[in-house]
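Colleague: I have a model open and want to go through it with you. Can we take the overall fold, then the details?

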Amino acid sequence: MKTLAGVTGLPVLDLSADIGRICAPLAFIVPAYLMLVMGGVKALVAVWPRPYWRAELRLTQFYISNYWGPDLAAILAAIVSLVVLALLLRVWKPKGAEPATQHKHSFGNVCWHGRPI
């Protein structure tokens, strides 16, 4: 961002605000599109709250980039998004998220590929 400001001669805060306005809608469209492409409509419908309710990421990124500057916009938005996701997953479970069979593995089986220590 500061390199772009140096090359163009535009103020850093103005560039930061403009980029925040561009990235906010993309944070809404790209995750939904990726889920649609990778899993189809069924997968998108099963997890619809997550890509569409990414308001915490968009709003945090928009606010930080417009009022604080470019330095912390991405990292603070990611932290807020992770916290909101953790809280969301406490109350909401995607359809089909439960494994077909429950597996219990010991620490040794997981770390040493089932070979005895």
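**Fold and contacts**

Modeller: The protein chain has 6 helices and 0 strands. Keep in mind that this is a predicted model.

Colleague: In what order do the elements of the protein chain run from the N terminus on?

Modeller: There are 0 strands to place. From the N terminus, the order is α-α-α-α-α-α.

Colleague: What percentage of the residues in the protein chain is buried?

Modeller: Buried means under 20% relative accessible area. The protein chain has 117 residues, and the buried share is 27%.

Colleague: How much area does the protein chain expose, and what share do carbon and sulfur atoms supply?

Modeller: The exposed area is about 8,600 Å². Of that, carbon and sulfur atoms supply 70%.

Colleague: Which residues form the salt bridge that a search of the whole structure finds?

Modeller: The search gives 1 salt bridge. The cut-off is 4 Å between a side-chain nitrogen of Lys or Arg and a carboxyl oxygen of Asp or Glu. Here the closest N and O atoms are 3.0 Å apart, and the partners are Asp18 and Arg21.

Colleague: Are Asp18 and Arg21 buried, partly exposed or exposed?

Modeller: Both lie in helix H2 (residues 12-46), 3 residues apart, about one turn of the helix. Partly exposed covers the range between buried, under 20%, and exposed, over 50%. Asp18 has a relative accessible area of 40% and Arg21 has 45%. So Asp18 is partly exposed, and Arg21 is also partly exposed.

Colleague: Are H4 and H5 roughly parallel or roughly antiparallel?

Modeller: Helix H4 (residues 55-67) packs on helix H5 (residues 73-91) with axes 8 Å apart and an angle of about 155°. Angles over 145 degrees count as roughly antiparallel. Therefore H4 and H5 are roughly antiparallel.

Colleague: Is the crossing of H4 and H5 left-handed or right-handed?

Modeller: Residues of H4, including Leu57 and Ile64, meet residues of H5, among them Leu76, Val80 and Val84. The crossing of H4 and H5 is right-handed.

Colleague: Where is Pro94 found, and which residues does Pro94 touch?

Modeller: Pro94 is in the loop between H5 and helix H6 (107-111). Pro94 is partly exposed, at 21% relative accessibility. Pro94 and Val47 are 47 residues apart in sequence, yet their C-alpha atoms are 5.5 Å apart. Leaving out residues up to four places away in sequence, Pro94 touches Ala46, Val47 and Leu89.

Notes: Residues numbered from 1 in each chain as written. Predicted model: local features only at pLDDT ≥ 70, side-chain atom pairs only at ≥ 80, totals over all residues. Heavy atoms only, no water. Helix = DSSP H or I, 4+ residues; strand = E, 2+ residues; numbered from the N terminus. Buried < 20%, exposed > 50% of the residue type's maximum accessible area, 1.4 Å probe, protein only. Areas by Shrake-Rupley, 256 points an atom, 1.4 Å probe, with all protein chains shown as cover. Axes fitted to C-alpha atoms, helices over the stretch in contact; angles between N-to-C directions. Parallel < 35°, antiparallel > 145°, perpendicular 65-115°, else oblique. Left-handed = near helix turned anticlockwise from the far one by under 90°. Contact = heavy atoms within 4.5 Å.
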